[in-house]
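Got the model loaded in your viewer? Let's walk through it one selection at a time.

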Amino acid sequence: MTKPESAGDQYDVVIGGASLAGCAAAILLARRGVRVALLERRSDPEAYKALCTHSLQAHAYPVLHELGLVTALEKAGAVRNAARWHTRWGWIEPKAAPGGPVLPYGYNIRRSVLDPLIRRRAADTPGVELLLGHQVTGLVKEGGRIAGVRAWTPEGEREIRARLVVGADGKDSAVAKFAGVAATTYENGRFGYLAHYRDLPLPRGISHTWFLEPDMAYAFVNDDGVTVMAVLPDKKRLPDFREDLEGSFLDFVRRLPEAPPIESAERITQFTGSVNYPLVTREATAPGLALIGDAALTGDPLWGVGCGWALESAKWLAQAVAPAVRARGDVDKSLLVYARRHRRQLRGHQAMAVDFAKSRRFNPMEQLIFSAAARDARMARHTHRFASRLIGPLRFVNPVVLARASAINLRHRRNRRTIGASGRLSRAKP
Ligand SMILES: Cc1cc2nc3c(=O)[nH]c(=O)nc-3n(C[C@H](O)[C@H](O)[C@H](O)COP(=O)(O)OP(=O)(O)OC[C@H]3O[C@@H](n4cnc5c(N)ncnc54)[C@H](O)[C@@H]3O)c2cc1C
């Protein structure tokens, strides 16, 4: 039975999903004077997303700072996420320029720590009402616009009305489905498995990514001495891989260049994985509705950017809609601003990710830049800025960068020829 509407069931904004995107949006909206109902289907406040390697890249730093989470994360043991990447040309090792500022960084922090932390922060924010055990089961529609949600609660069904409904309910967003928002899905040609280890030392003590073309692997250093090891092979390998999951995983890691000593490490979680993880793009808004985080755009997990985009999209939404929601202005007009920003910031990244998810080798442009980045410190920093999503694809592959990469590679070839020739000469000497 739907409870009759009461004054207590009317909010400015109702958000479905209290994970990264939902909690961030609730905090940032409430701080702007908006009254928010934050609904989460799970009833445990400590619940977290297990299928994640939780590396928050540097693009997430400003919003983490705005949320007031940086100090709490550092106290909780979050690791500043420096990394090196293996390519067929050698290692790309981004380092600060001599005398220059430190490289921008984000944090590696397990979701078992991060999710409860941000949920607590949301629950403690004046203006936010966190409603656990509330599963959105339908939408209230009025005059062609979405005007609220229906939710299953421990006390039965409840209708909650609001000037704006936000879907922050992840990749398979029920809110988007109830609203009839079309989703475009793109096949992911890789599958993935991960596990957490203790006592898995990594060269230089920093995170590693292996581009094996087309297979991928990661080792991310995390809080409390935990390293997350993940492998993402081409789907063609799946039938053989699954025959002996643990054996295949260990074998894969053992064969990595500069492989971490997985045999001597202690595995502290089960293997978790996904054999089918398509990328999804949805329109981010409809009248009375906004989607944020994975509900709006689910990227390829291999780039480790979804957490940051969940937080950033929450910020873009709060900035765009709070004044209209608070002042009873034109909310749908303010949603257009959010939709435009979301598209401008993320569609280019998604297009690149969709293409790379075909489980292909590097294309000529990527070969040019990645090979130069393995040979040149400045190009390595440029690649770091893209991997950290501080710049978009157009700046990553702009003509100046391509010209510089070509010059680096030409110089490298010339030097190799000179060394080769002098090597032959010196061998010719008695
Ligand atoms: C294998 C893997 C590795 C990844 N590694 C990284 C990484 O290293 N770095 C990175 O940045 N990103 C990574 N990601 C992506 C990242 O996990 C997601 O982008 C991120 O969790 C999205 O956050 P969200 O808040 O939008 O959604 P979610 O975290 O999925 O949260 C959705 C919330 O909505 C709730 N919910 C669902 N349905 C309802 C409903 N009907 N009613 C009420 N509540 C509901 C859920 O219980 C949940 O709490 C990875 C993803 C995968 C699969």
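Start with domain 1 and domain 3: there are 0 salt bridges between them (a side-chain nitrogen of Lys or Arg within 4 Å of a carboxyl oxygen of Asp or Glu). Polar contacts there come to 1 residue pair, both at pLDDT 80 or more (N or O atoms within 3.5 Å; within protein, one must be able to donate a hydrogen and the other to accept it, and residues adjacent in sequence count only if both atoms are side-chain atoms).

This is a predicted model, where local features need pLDDT of at least 70 and side-chain atom pairs count only at pLDDT 80 or more, while totals for chains, interfaces and linings use all residues. Residues are numbered from 1 along each chain as its sequence is written, and side-chain values use heavy atoms, with hydrogens and water left out.

To select the domains, use 7–54 + 110–186 + 278–351 for domain 1, 192–274 for domain 2 and 364–428 for domain 3; the bounds come from an automatic or database domain assignment. The C-alpha centres of domain 1 and domain 3 are 42 Å apart. Their contact (heavy atoms within 4.5 Å) takes 5 residues from domain 1 and 6 from domain 3.

Domain 1 and domain 3 bury about 420 Å² between them, 63% of it on carbon and sulfur atoms (accessible area, 1.4 Å probe, lost on being put together, summed over both). Now pick Trp 303, Val 305 and His 349, which supply 81% of the area domain 1 buries against domain 3.

Keep Val 305 selected and show the ligand: a backbone N or O atom of Val 305 is 3.4 Å from a ligand oxygen. Next, add Gly 304, with a polar backbone atom 3.3 Å from an oxygen of the ligand, and Ala 21, where that distance is 2.9 Å.

Terms used:
Buried area = accessible area lost by both parts, 1.4 Å probe.
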